[in-house]
Amino acid sequence: MNAVILAVLVMVGLSLARVSVVFALVAGALVGGLFSGLSLTDTLGAFNDGVGGGAKVALAYATLGAFAVALSRSGLPDLLAARLIGLLNGESTPRRQTAIKYGLLGSVTLVAISSQNLIPVHIAFIPILIPPLLVAMNRLRLDRRAVACALTFGLTAPYMLLPVGFGSIFLNDILLANINEAGQSLGLDVTRGMVPMAMAIPVGGMFLGLLTALFVSYRKPRDYANREIKSSNVPHHTPMHTPSKSGLIMAGVAIIAALGIQLYSGSMILGGLVGFAILSLGGLFKWNEADDLFTSGMRMMALIGFIMISAAGFASVMKATGDIQTLVDASFHIIGDNKPLAALVMLMVGLFITLGIGSSFSTIPIIAAIYVPLALQFGFSPLATVALIGTAAALGDAGSPASDSTLGPTAGLNVDQQHDHIWDSVVPTFIHYNIPLIVFGWVAAMTL
């Protein structure tokens, strides 16, 4: 058996058995490394080398967490929750409740989409916005799996299609750059305008999966216990206070500044720090509370940070085994010259790699150098090549236990311990997004 496949199976199997994702990633990396013939010392060395790369991402999320906690002092999450509860407390008919339910799901989806481009705080908004809304969700008997699918769609689909914010990084800085680098000697030249066009069909498949999740799979009511939770998942937060006009203005200035700095510098860390500093100078919290707020924000994102660090170590071990290239070579040795089967195998191999790494951003540099020559060899057009590589990389991001696209929703929906990360976030998003991505990615590769 290929070491990469074995490592991913161990990691996914342990995660499905409700073992800690961090432990599952470490165990999977050790099994894969040792099975490939690496010594224990070399395996641990590769893992430690990868951990350093994940630390940057973890620090960025911790900084965004601090920024999100500071933004919560504006009172907007609590105000939104209070208005929703007020609507439910009034005269409520089944039709009105249904309208509120889907209005809430639509709003959550739009906020998640905005977190990737308009207000690029990524997943840091979820532990701030979602917990105050759980009371309203319980009153509506809303299945939280539908909310998880809505959030995950908003966290993944925008960067696959819109070249703004995180989408600019994924589509232009990573996908386009790696494809052109790998295809330079082969005469392949892809322009920026081609990339969103190529990814439109796969994203259309994700949208169909979202509609299926909201209107079919998780349409029925689901009951949850009304357990006491912190209104914003932040220990020091004062619940349900009305935001002041000056606070709202400073929050708007901080959001715009954080967005501008991030787009200018390309650094989420710097953008989060600038936004946090502006909120502090604007008087939303006292200067002597800054350390407590910053620490709370980092603590809120700590588990996600540790999982991302472990995932980077896992990815490093997979690269060190050399079995990613072996996996691809063995797959295409079996295929022969069957073009439709070649497209399917490319997507499935990408799914396995991304499931283990947990990041589509990190998968592209691994597979682009291998996939570009193969795609040209099988006669795929430039648009089809982009669709294949982009979809193969994005596959698994939505359904990986180590992906921030599933970790983020769990961080907000499980504050009262009634939303399981694997069975309520990972499995639903895997079913509703990865399966359509495979189908529509294959269609894009065969028709473009």
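**An aromatic cluster and its helical surroundings**

Colleagues, I begin with a single side chain: F207 is partly exposed, with a relative accessible area of 43%. That value falls between the limit for buried, under 20%, and the limit for exposed, over 50%. Please keep in mind throughout that the model is predicted.

Let me place F207 in its setting. The chain has 448 residues, and 56% of them count as buried. Its secondary structure comprises 19 helices and zero strands. Among the contacts with a separation of 6 or more, 81% join residues that are 24 or more positions apart.

I turn to the aromatic side chains. How many aromatic pairs does the structure hold? There are three. One of them is formed by F153 and F207, with the ring centres 6.2 Å apart and 55° between the planes, which is a tilted arrangement. F153 belongs to helix α7, residues 144-161, and F207 to helix α9, residues 194-217, so this pair ties together parts that lie 54 residues apart in sequence. Is F153 buried or exposed? Its relative accessibility is 7%, so F153 counts as buried, whereas F207, as I said at the outset, is partly exposed.

F153 also takes part in a pair with Y433. This second pair is tilted as well, at 6.2 Å centre to centre and 40° between the planes. Here distant parts of the chain are linked, since F153 is in helix α7 and Y433 in helix α19, 280 residues apart. Both partners, F153 and Y433, are buried. Taken together, F153, F207 and Y433 make up one aromatic cluster.

Having met helix α7 through F153, let us look at its packing against helix α6, residues 126-140. The axes of α6 and α7 are 12 Å apart, at an angle of about 150°. Because angles over 145° count as roughly antiparallel, α6 is described as roughly antiparallel to α7. The crossing of α6 and α7 is right-handed. On the α6 side the contact is made by I126, I130, L134, M137 and N138, and on the α7 side by R144, V147, L151 and L155. Sorted by class, the contact of α6 with α7 has seven nonpolar residues, one polar and one charged.

Between these two helices there is a residue that deserves a remark. R141 lies in the loop between α6 and α7. Although R141 is not a glycine, its phi is positive, at about 55°. R141 is partly exposed, with a relative accessible area of 39%.

Now to helix α19, which carries Y433. Which way does helix α17 run against α19? The axes of α17, residues 382-394, and α19, residues 421-447, come within 8 Å and cross at roughly 165°. That makes α17 roughly antiparallel to α19. In this case the crossing is left-handed. From α17 the contact uses A384, A387, L388, T391 and A394, and from α19 it uses L437, G441, A444 and A445. By class, this contact of α17 with α19 has seven nonpolar residues, two polar and no charged ones.

Helix α17 also contains T385. At 0% relative accessibility, T385 counts as buried. Leaving aside residues up to four places away in sequence, T385 touches L188, A375, L376 and F380.

My last topic is helix α18. Why can α18 be called largely enclosed by the rest of the structure? Nine of the ten residues of α18, residues 404-413, are buried, so the helix is largely enclosed in that sense. Those buried residues are D404, S405, T406, L407, G408, P409, T410, G412 and L413.

P409 leads us back to α19, by way of H421. H421 and P409 are twelve residues apart in sequence, and their C-alpha atoms are 8.6 Å apart in space. H421 is placed in helix α19 and is buried, with a relative accessible area of 13%.

To close, I would recall the cluster of F153, F207 and Y433, together with the two helix contacts, α6 with α7 and α17 with α19. Thank you for your attention.

Notes. Residues numbered from 1 in each chain as written. Predicted model: local features only at pLDDT ≥ 70, side-chain atom pairs only at ≥ 80, totals over all residues. Heavy atoms only, no water. Axes fitted to C-alpha atoms, helices over the stretch in contact; angles between N-to-C directions. Helix = DSSP H or I, 4+ residues; strand = E, 2+ residues; numbered from the N terminus. Parallel < 35°, antiparallel > 145°, perpendicular 65-115°, else oblique. Left-handed = near helix turned anticlockwise from the far one by under 90°. Contact = heavy atoms within 4.5 Å. Nonpolar A, V, L, I, M, F, W, Y, C, P; charged D, E, K, R; others polar. Phe/Tyr/Trp six-rings, centres within 6.5 Å; stacked < 30°, edge-to-face > 60°. Buried < 20%, exposed > 50% of the residue type's maximum accessible area, 1.4 Å probe, protein only.
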